[in-house]
Amino acid sequence: MSRPATAATRLAGVVGNPVRHSLSPLIHNAWIAAAELDAVYVALQSAPASFGDLVKGLAGGAAVGINVTIPFKESAAALADERSPAAQRAAAANVLVFREGRILADNTDGVGLLAALEGAGFQPGGGPVAVLGAGGAARGAVTYLLSAGVPEVRVVNRSLERTRAIAAIDSRIGAFRWDQVAEALDGVAAVINATSLGMTGEPPLELTLDGAPTTAVVMDMVYQPLKTDLLTEAERRGHPVADGLEMLIGQARPSFEAFFGRPPPEVDVRRLCQQALDQGS
Ligand code: NDP
């Protein structure tokens, strides 16, 4: 925090469950301090049943906006009064901005994802992309990739119902079961883990990359740990890789601007996050 909080301090934050792993407070508070704003960004854990009430309470004047993380992105889009085209396409939101009691939803996950992929040499027109997972993060990723020029997205997920719901969004989205993963990886330009598997405290992601060409960029949205087993295996096989921290920082930039009406200042937030991850916070 750049200064002691007062009655005039603006409040923003991230709501999720679990949310204690989130690095968003570190990133946003570093930007708030560098920009000398009278504001604070906090992490708020919500029980699934109370998410709607919490958001409506915050939107009533308590906060300028929130980021939304696992598992509330689809609920966040559903309860908003207005949705940006990105949130509308994904039917999922990672940003809620509160204006005069109204809730405006946006989805900046795709912006962050593409920045991370392009940093590893990915080109949207380069071929199909396989996305593991069909939750809120996957929805944002899939729809944004298509709008950026990816010709085909193959979604692999445990729950077939959720996979089919994503595939229903666009005819360029294919639905695959886990036992069809080799088929889904055939000839791809990128493989993206958008499940929570492999995250500290969650079950491991058991995936063989054998079906994917070694030119495929392998990206893990999980950033705790930063070097997941998936990325370790991908590097061993010679794939270019992108980690979840690049995406996190990339989605946070437009979120900050939406909350505070100005772009974030230049701060090496990646280094701050890496230090926090090294210290296990
Ligand atoms: P959701 O809860 O909406 O979705 C979770 C996904 O993980 C679903 O596809 C779910 O499958 C799958 N999954 C969970 N447990 C298992 C399991 N035991 N076996 C198989 N599949 C499983 O979460 P989000 O979409 O919001 O987030 C997903 C991940 O992406 C999280 O780790 C999150 O931290 C990360 N993320 C990172 C971002 C970044 O900036 N780096 C941004 C956004 C998200 P099913 O449908 O079958 O339940």
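A polar contact here is a pair of N or O atoms within 3.5 Å; within protein, one must be able to donate a hydrogen and the other to accept it, and residues adjacent in sequence count only if both atoms are side-chain atoms. This is a predicted model, where local features need pLDDT of at least 70, side-chain atom pairs count only at pLDDT 80 or more, and totals for chains, interfaces and linings use all residues. Residues are numbered from 1 along each chain as its sequence is written, and side-chain values use heavy atoms, with hydrogens and water left out.

I start with the contacts of the ligand. From a backbone N or O atom of Ala 137 to an oxygen atom of the ligand, the distance is 2.8 Å. Two nitrogen contacts follow: a backbone N or O atom of Met 221 lies 2.9 Å from a nitrogen atom of the ligand, and for Gly 244 the value is also 2.9 Å, again from a backbone N or O atom to a ligand nitrogen. The ligand taken alone exposes 930 Å², and the protein buries 88% of that; these accessible areas come from the Shrake-Rupley method with a 1.4 Å probe, and for residues only the protein chains shown count as cover.

Next, the shell. There are 25 residues around the ligand, and Ala 137, Asn 157, Ser 159, Met 221 and Gly 244 come nearest; to be near, a residue needs a heavy atom within 4 Å. Which element gives the largest share of the shell? That is α10, with three residues. Helices are DSSP runs (H or I, at least four residues), numbered from the N terminus.

Methods: Helix = DSSP H or I, 4+ residues; strand = E, 2+ residues; numbered from the N terminus.
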